[in-house]
Amino acid sequence: MLMSNFLKNRKSVRDFKKKKLDMRTKTEVLEIFKDLEEEADNKYFNFILFEEGEKIYKTLDGLAGYSGVMIESPYYIGVRLREVNDESIITASYYTEKLMTLLTNENLGSCWVNVKAVDRGIKAEILGEENKNIGYLVALGYPKAKNPFVQEPTSSRLGVTDIVFKDKIGNPISSQELEKRGLDDLFYYIRFAPSNYNLQPWRFILKDDKVQLLLKYSDEGKTDLMDAGIIMYYFKALGRVIGLKGGWKLLDGEDIEYGGSKYRLIGEISL
Ligand SMILES: Cc1cc2nc3c(=O)[nH]c(=O)nc-3n(C[C@H](O)[C@H](O)[C@H](O)COP(=O)(O)O)c2cc1C
């Protein structure tokens, strides 16, 4: 499927059948884990398949997810960082989103689950001592069938002009310019990427032949680099369709203040 269509239709799955994976699918899933770890040079993260979904759900319900609302699923995938630093977090989330994309080809649904606030002792007990520092799980399983006559709720999205700027943040870019540069579709579809609390903190600045990525600090003064890796993955995947060959380069820089908000510079990609 075209990445643009995929993105427009993708949605977090929060209702799963109790059904277990058949042997072939489980083997495929484990192979995808290995392939993606290898693609990232086995340096940054490991994926772990947790098969005792019910036990994990019961233990983490009330503690994990948004306001303690744990997502119930027959399996969870753990994203374990080999080292905690910016590059590892960004690379791990980049490949986790790629993993979630590949899992839909197996007709599996998934949803990110934030387990950062869960006590390490509890995580050690339920996920294993070596996994007590995991910050994110992915709920995994076969999605429950949807009623075709019921309109599913969708998460809202910002407009292209809210997230893309020219030369500096706040400076608008015209749709004609985006079209002329062949970037209109990319920025239209990329907005459907998932983000923590659906905050959509990504901001893009088009500067000459480069696009810079910034993350907006939340009202609590936080950024989550998981959101950066995810959007970098979709930018790259959509970019491939229009012939972009470059890769993301991480950048360090001063935070930028604009309109009462603060933005963190993350990286840039050549067009
Ligand atoms: C890093 C990350 C963490 C998330 N954590 C949770 C979570 O704990 N609970 C939950 O229900 N959804 C979680 N989500 C899903 C987002 O809320 C969801 O992607 C966003 O609202 C957009 O909705 P959509 O995925 O259906 O398009 C998370 C998403 C990301 C990217």
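This is a short tour of the ligand site in a predicted model.

**Start with the ligand.** Select the ligand and show the pocket surface. The ligand sits in the largest pocket. Now add the shell of residues around the ligand. The elements that give two or more residues to this shell are β3 (109–114) and α9 (225–241). Color β3 first: its 4 residues are the largest share of the shell.

**Color the two domains.** Select 3–141 as domain 1 and 160–270 as domain 2. Both domains give residues to the shell, so the ligand lies between them.

**Show the shell as sticks.** There are 20 residues around the ligand. Pick out S12, R14, Y66, N114 and R157, which come nearest. Then color the shell by class. You should get 9 nonpolar, 7 polar and 4 charged residues.

**Check the polar contacts.** Go to Y66. An N or O atom in the side chain of Y66 lies 2.6 Å from an oxygen atom of the ligand. Move to R14. Here an N or O atom of the side chain is 2.9 Å from a ligand oxygen. Next, select W112 and display its backbone. A polar backbone atom of W112 is 3.5 Å from a nitrogen atom of the ligand.

**Finish with the surface.** How much of the ligand's area does the protein bury? Taken alone, the ligand exposes 620 Å², and the protein buries 95% of that.

Key. Residues are numbered from 1 along each chain as its sequence is written. This is a predicted model: local features need pLDDT of at least 70, side-chain atom pairs count only at pLDDT 80 or more; totals for chains, interfaces and linings use all residues. Side-chain values use heavy atoms; hydrogens and water are left out. A residue is near a molecule or strand if one of its heavy atoms lies within 4 Å of it. A polar contact is a pair of N or O atoms within 3.5 Å; within protein, one must be able to donate a hydrogen and the other to accept it, and residues adjacent in sequence count only if both atoms are side-chain atoms. Accessible areas come from the Shrake-Rupley method with a 1.4 Å probe; for residues, only the protein chains shown count as cover. On a 1 Å grid over the protein atoms alone, a cavity is a set of points where a 1.4 Å probe fits but cannot get out, and a pocket is an open set with protein on both sides within 12 Å along at least five of seven lines; lining residues have an atom within 4 Å of a point. A molecule sits in a cavity or pocket if more than half of its atoms lie within 2 Å of its grid points. Ala, Val, Leu, Ile, Met, Phe, Trp, Tyr, Cys and Pro count as nonpolar, Asp, Glu, Lys and Arg as charged, and the others, Gly among them, as polar. Domain bounds come from an automatic or database domain assignment.
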